[in-house]
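Me: I am new to this structure and should be grateful for a close look at a single part of it. Please explain how two of its helices pack against each other, and then place that pair within the chain.

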Amino acid sequence: AKWQCVGFVHGVLNTDNMSVLGMTLDYGPYGFMEAFDYDYVSNASDDTGMYSYAKQPSAVRWNVERLCDAFARVAPRGARAEALRAYDEAFEETTYAAYTAKFGVRVHDATSYGDVVARFHRALQRGRFDFTRSHRLLGAFATCVSARGEAMTAPALCVEMFAQISGEQGRDWASVAAADPALVAMIEDFG
């Protein structure tokens, strides 16, 4: 879960590269995502995207399912199902805590929380914004929203934040915004 929140992609999450403790082995083809891309693959030999950023959580869960299968002779089905539920809950709680810290705000409704993160990531993907820089600026964004109050709306501040990211990436925000008005609308919607 923490990997997803920092843009880390392991690259080879097959079962023989994970321990019973949940730690991973064989970090050969790992990578950190720069421009946000759900389909980012760090392993050049992963032609199908099996271990892409977007598929990484389901690959790990599939490995946990295989571990549960290995205990079929000694653990009742209900216990194995409970172990999977516990994994799902831990994954969701860890992801929620990490993004709460990144966004600087607490969203109590899981549906709203998922929507906020998804909208932010869609804007990052569409604009090819840097994953780390964008998240780093979120804290400042949340502080500005609180400090400026009614002087500037959250959507306008959000556009300002993405304009700053564009500049840091060497792109002229006015050109980016003019070329893709739908991106600007997406960013304003996020704010």
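Reply: Helix H2 passes helix H3 in a right-handed crossing. In this predicted model, the axes of H2, which covers residues 56–70, and H3 come within 10 Å and cross at roughly 155 degrees. An angle over 145 degrees counts as roughly antiparallel, and H2 and H3 are therefore roughly antiparallel to each other. The contact is made on the H2 side by Pro57, Val60, Arg61, Val64, Glu65 and Cys68, and on the H3 side by Arg80, Ala83, Leu84, Tyr87, Asp88 and Phe91. The two quantities used here are the customary ones: two packed helices are described by the angle between their axes and by the distance between those axes.

Each partner may now be taken in turn. The 15 residues of H2 should span 21 Å at 1.5 Å a residue, and the end C-alpha atoms of H2 are indeed 21 Å apart, which agrees. Buried residues of H2 are Gln56, Ala59, Val60, Asn63, Val64 and Cys68. Of these, Val60, Val64 and Cys68 are named again in the contact with H3. The cover over the buried residues of H2 includes H3, together with helix H1 (2–6) and strand E1 (8–9).

Helix H3 has 27 residues, from 77 to 103, and its first and last C-alpha atoms lie 39 Å apart, close to the 39 Å expected at 1.5 Å a residue. Its buried residues are Arg80, Leu84, Thr95, Tyr96, Ala98, Tyr99, Thr100 and Phe103. Arg80 and Leu84 also take part in the contact with H2. Ala101 is likewise in helix H3, but at 63% relative accessibility it counts as exposed. Ala101 and Leu138 are 37 residues apart in sequence, while their C-alpha atoms are 9.6 Å apart in space.

Further along the chain, Gly127 belongs to helix H4, which covers residues 110–127. With a relative accessibility of 4%, Gly127 counts as buried. When residues up to four places away in sequence are left aside, Gly127 touches Arg171 and Leu183. Gly127 and Asp180 are 53 residues apart in sequence, and the distance between their C-alpha atoms is 8.6 Å.

Arg128 lies in the loop between H4 and helix H5 (131–148). A relative accessible area of 43% makes Arg128 partly exposed. The phi angle of Arg128 is near 55 degrees, a positive value in a residue other than glycine. As a general matter, most residues other than glycine have a negative phi.

Finally, the helix pair may be set within the chain. The protein chain contains eight helices and two strands, and from the N terminus on its elements run α-β-β-α-α-α-α-α-α-α. Of its 191 residues, 38% are buried. Among contacts between residues at least 6 apart in sequence, 58% join residues at least 24 apart. The protein chain exposes about 10600 Å², of which carbon and sulfur atoms supply 57%.

Methods
Residues numbered from 1 in each chain as written. Predicted model: local features only at pLDDT ≥ 70, side-chain atom pairs only at ≥ 80, totals over all residues. Heavy atoms only, no water. Helix = DSSP H or I, 4+ residues; strand = E, 2+ residues; numbered from the N terminus. Buried < 20%, exposed > 50% of the residue type's maximum accessible area, 1.4 Å probe, protein only. Contact = heavy atoms within 4.5 Å. Areas by Shrake-Rupley, 256 points an atom, 1.4 Å probe, with all protein chains shown as cover. Expected span 1.5 Å × (residues − 1). Axes fitted to C-alpha atoms, helices over the stretch in contact; angles between N-to-C directions. Parallel < 35°, antiparallel > 145°, perpendicular 65-115°, else oblique. Left-handed = near helix turned anticlockwise from the far one by under 90°.
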